[in-house]
Amino acid sequence: DLELESESDISIVRGNTEALRIADNGQIYIPTRAISRGINIGGHVITRHNTDNSLAIYPNRGGIGYGEPIFRIRSHNNRNDYVENLRILSSGEIQVGSEISLGSTAASSDRKLIIFYNNTFERIQFITSNKYPMSFHISTEHIAISWDLYYKGVPISTSNESEKILMKDIS
């Protein structure tokens, strides 16, 4: 067992290069980069990319079959009810849960496009923003497109026949 007590950072140096530092606030700093450095978790490596300072995660595909997961993000409820929210397969395919939501940032409440699988009706739905609503419903039987287009609060085009108003072409 190794026990160290210090009021300041603890550094591990190899040769003349700092390999690891434990800061006085408890953070672990690994200044090196590339797959041969970083945090090795059973052959998978988390490090900085060797050409810039971006975070790089290198899952090891060795022993993992084509189309099997090499990366997963899972969530839980107090260590119960585990759910797989994201997975990346060795083939490069990205799999997500039942919904993808796009906005200006991940934290933005104004979503511009939502793609989700509707379990109840067994169909995929694409829904655009609330400002310009349009939705596409794709199932094994059909494709449906619905929309509502307004100009200054007046509906000028809709896919709902009962809501269409008669307009005269003035061109």
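**Tyr 58 and its setting in a predicted model**

Tyr 58 belongs to strand 6, which spans residues 55-58, in what is a predicted model.

Reader: Is Tyr 58 buried, partly exposed or exposed?

Author: The relative accessible area of Tyr 58 is 24%. Buried requires a value under 20%, and exposed one over 50%. Tyr 58 therefore counts as partly exposed.

Reader: Which residues does Tyr 58 touch, not counting residues up to four places away in sequence?

Author: The neighbours up to four places away in sequence are set aside here. With that restriction, the residues touched by Tyr 58 are Ile 35, Gly 43, His 44, Val 45, Thr 47 and His 49.

Reader: What distance separates the C-alpha atoms of Tyr 58 and Ile 70?

Author: Along the chain, Tyr 58 and Ile 70 are 12 residues apart. In space, the separation of their C-alpha atoms is 9.4 Å.

Reader: How many helices and strands does the protein chain have, and what percentage of its residues is buried?

Author: The protein chain has 15 strands and 0 helices. Of its 171 residues, the buried share is 13%.

Reader: What share of the contacts with a separation of 6 or more is made by residues 24 or more positions apart?

Author: The contacts considered in the protein chain are those with a separation of 6 or more. Among these, residues 24 or more positions apart account for 3%.

Reader: Where is Asp 9 found, and which residues form a negative surface patch with Asp 9?

Author: Asp 9 is found in the segment before strand 1 (10-14). Asp 9 counts as partly exposed because its relative accessibility is 34%. The other members of the negative surface patch are Asp 1, Glu 3, Glu 5, Glu 7 and Asp 24.

Notes:
Residues are numbered from 1 along each chain as its sequence is written. This is a predicted model: local features need pLDDT of at least 70, side-chain atom pairs count only at pLDDT 80 or more; totals for chains, interfaces and linings use all residues. Side-chain values use heavy atoms; hydrogens and water are left out. Helices (H or I, at least four residues) and strands (E, at least two) are DSSP runs, numbered from the N terminus. Buried means under 20% relative accessible area, exposed over 50%, partly exposed in between (1.4 Å probe, protein chains only). Contact means heavy atoms within 4.5 Å. Patches are made of residues with over 30% relative accessible area and no salt bridge: like charges are joined within 9 Å, nonpolar side chains (Val, Leu, Ile, Met, Phe, Trp, Tyr) within 5 Å. Accessible areas come from the Shrake-Rupley method with a 1.4 Å probe; for residues, only the protein chains shown count as cover. A salt bridge is a side-chain nitrogen of Lys or Arg within 4 Å of a carboxyl oxygen of Asp or Glu. Lys and Arg count as positive and Asp and Glu as negative; His and the chain ends are not counted. The place of a charge is taken as NZ of Lys, CZ of Arg, CG of Asp or CD of Glu.
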